[in-house]
Amino acid sequence: RRARHSWRPPRSLGRRRTSAAPKAMSSTLRASPAFVRAMSGRASSASAPAACGLRDASSWHHRSVLGGKPHRLLRSRVAASQPAASRRWQPPPSRNPAAFRTRAGAADGPGSVDEDDENRDYLAELTWLPPLDPTKETETVDPTSEPPLMVLPVFPLGSTAYMPHSDHVLNIFEPRYRQMYSDILFNGSRRFVVPVSHPETGRLASVAPVFYLEDLKEVSEQTADAVKYVCSHKVIGRVTIKRTLNDSVWSDRSSYLKAVVEPLEDFDDDEDLSTKEGALVERFASVIEKQTKLGEPVRFTTNLIETLSAARGEDGLWRLAGLWQSLLQNRLSAKESELSNDIQQLLRNYLKQQGADMQSKVTVQFDALPAEIRAEFTRLQQTYREESMAMVGQTIYPFVLLVQCDSHAERLNVFGDMLEEEEKRLQAKVALQSLFSGADAKKDDEPPATEA
């Protein structure tokens with residue numbers, strides 16, 4: 001049965017582990033990431049996975065646009081322009097950030113141009129399982145049933161979109177998931193499914209990527225048993241979750257979920273879509289050129305254009321989707337960096353007025369700050385929330401929909417809509433630039449005022 005339903009484990013492309021999540025909130029002059037996120041209302045990048053029993057230190061890998069070998073992730077220009085203390089906590093970019101540049105000092109930051117309100121609602125198009133029922137009796141699957149049923153562990157990781165051919169490293173510490181890894185090693189499957197959760201209802205997505213365990217290291221001695229395993233995975237496929245078997249364990253955390261699943265494959269593998277693929281590549285290349293022309297703060301490099309492909313497979317459309325997700329994630333990181341800079345500048349100005357020695361480390365208790373300073377923090381918080389809310393959704397739900405698509409043609413259409421939204425944003429930015437440049441030119445042409 002395993003031979004019939006299993007995927008062949010793909011060759012490892014190499015993995016990278018990111019640094020641990022930042023520690024508790026700090027109120028030092030150089031604002032920590034937890035402090036920034038607390039002010040912005042945005043959870044730590046490790047908070048959602050931690051609720052499921054892990055800290056996600058995942059990253060994307062693929063072939064470099066400059067060569068055929070995987071390469072290390074490179075620091076963005078925004079991070080390089082910041083002091084070491086603020087650079088230290090930047091969320092790690094993913095999926096080859098060397099393929100795009102982040103420019104500091106732009107006239108306007110990411111998200112400063114209003115988006116079209118009629119953009120596609122990707123979240124509304126996703127399909128979800130029924131709510132988990134803790135009162136439902138645990139179902140036992142007969143291993144001799146015909147046709148044989150495929151049962152895999154379920155490991156929900158909150159609102160994170162994972163796509164085929166990506167690599168991820170997970171730190172496992174919760175007891176039920178320690179047991180899950182022991183089980184998949186013992187039975188030899190090495191596989192589990194990772195569905196996204198609905199942001200409001202918590203329902204699990206009905207289609208999920210399949211993680212294959214490539215490497216596991218026990219680190220309980222080094223971490224005083226805070227973390228049991230550091231595990232490296234590759235996403236090797238997709239499945240449709242037909243039903244969960246043991247809902248009651250989700251609420252009491254006594255064990256991990258299991259589900260009956262079916263492999264999901266595209267039904268149009270034999271269809272020639274080269275014309276649509278070529279058109280999508282042309283649009284992607286056009287977007288890159290427009291980003292460069294406008295001097296976008298976060299943008300792709302033009303040498304990426306000659307490597308673009310929207311064909312089926314790892315180096316085709318899935319690679320483009322991973323690159324696009326990385327672009328959006330880095331825009332969000334740049335926005336967070338912008339908030340951090342604003343907070344640091346606010347504190348720096350206040351401390352200068354108080355005559356503090358700016359050459360040494362200064363600790364400030366937030367509750368001890370004047371009311372007007374706290375009010376400015378609130379304003380920064382609200383501004384960040386408004387500008388980042390849509391940006392967060394853009395990094396998740398369009399890509400979950402790509403995973404749910406059951407045809408390459410449909411996936412091309414979805415990705416085309418994602419490019420169209422970027423085209424609208426760039427067009428709006430061009431219009432604003434033309435408006436302001438025209439106003440400046442008109443002001444310059446006006447004759448100087450004379451006294452009567």
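**Reading cores, strands and salt bridges in a predicted model**

Q: At 43% relative accessibility, is R253 counted as buried, partly exposed or exposed?

A: This is a predicted model, and in it R253, at 43% relative accessibility, counts as partly exposed. Its salt-bridge partner is E174, with the closest N and O atoms 2.7 Å apart, and E174 counts as buried at 10% relative accessibility.

Q: Which parts of the chain does the pair of E174 and R253 tie together?

A: Side chains of opposite charge can pair when their charged atoms come close. Here E174 lies in the loop between β4 and α7 and R253 in the loop between α8 and β8, so the pair ties together parts that are 79 residues apart in sequence.

Q: Where else do salt bridges link distant parts of the chain, as for E423 in helix α13?

A: The whole structure holds 22 salt bridges. One of them joins E423 to R283, the closest N and O atoms being 2.9 Å apart, and this pair links helix α13 with helix α9 across 140 residues. The side chains of R425 and E296 meet in another, at 2.3 Å from N to O, with R425 in helix α13 and E296 in the loop between α9 and β9, 129 residues apart. Both members of this second pair are buried, R425 at 8% relative accessibility and E296 at 2%. Through shared partners, salt bridges join E296, R331, E422, R425 and K429 into one network.

Q: Which residues touch the most other members of the largest nonpolar core?

A: In soluble globular proteins, nonpolar side chains tend to be buried together. The largest core in this model has 46 residues, and F284, W324, F399, L402 and F415 touch the most other members. At least two residues each come from α9, β9, α10, α12 and α13, with the largest share, nine residues, supplied by α10. Leaving aside residues up to four places away in sequence, W324 touches several residues, including F284, F300, F399, F415 and E422. A second, separate core of 17 residues includes F155, L157, Y162 and L170.

Q: Why can strand β7 be read as largely enclosed by the rest of the structure?

A: Of the 16 residues in β7 (residues 229-244), 13 are buried, so the strand is largely enclosed. Strand β7 pairs in the antiparallel sense with β4 over six bridges, with β6 over eleven and with β8 over five. Individual partners include L170 with C231, E218 opposite Y229, and T244 with A259.

Q: Which residues make the nonpolar surface patch of about 310 Å²?

A: L432, L435 and F436 make this patch. F436 lies in helix α13 and is exposed, with a relative accessible area of 53%.

Technical notes. Residues are numbered from 1 along each chain as its sequence is written. This is a predicted model: local features need pLDDT of at least 70, side-chain atom pairs count only at pLDDT 80 or more; totals for chains, interfaces and linings use all residues. Side-chain values use heavy atoms; hydrogens and water are left out. A nonpolar core is a set of buried Ala, Val, Leu, Ile, Met, Phe, Trp, Tyr and Cys residues joined through side-chain atoms within 4.5 Å. Buried means under 20% relative accessible area, exposed over 50%, partly exposed in between (1.4 Å probe, protein chains only). Helices (H or I, at least four residues) and strands (E, at least two) are DSSP runs, numbered from the N terminus. Contact means heavy atoms within 4.5 Å. Patches are made of residues with over 30% relative accessible area and no salt bridge: like charges are joined within 9 Å, nonpolar side chains (Val, Leu, Ile, Met, Phe, Trp, Tyr) within 5 Å. Accessible areas come from the Shrake-Rupley method with a 1.4 Å probe; for residues, only the protein chains shown count as cover. A salt bridge is a side-chain nitrogen of Lys or Arg within 4 Å of a carboxyl oxygen of Asp or Glu. Two strands pair if DSSP finds at least two bridges between them.
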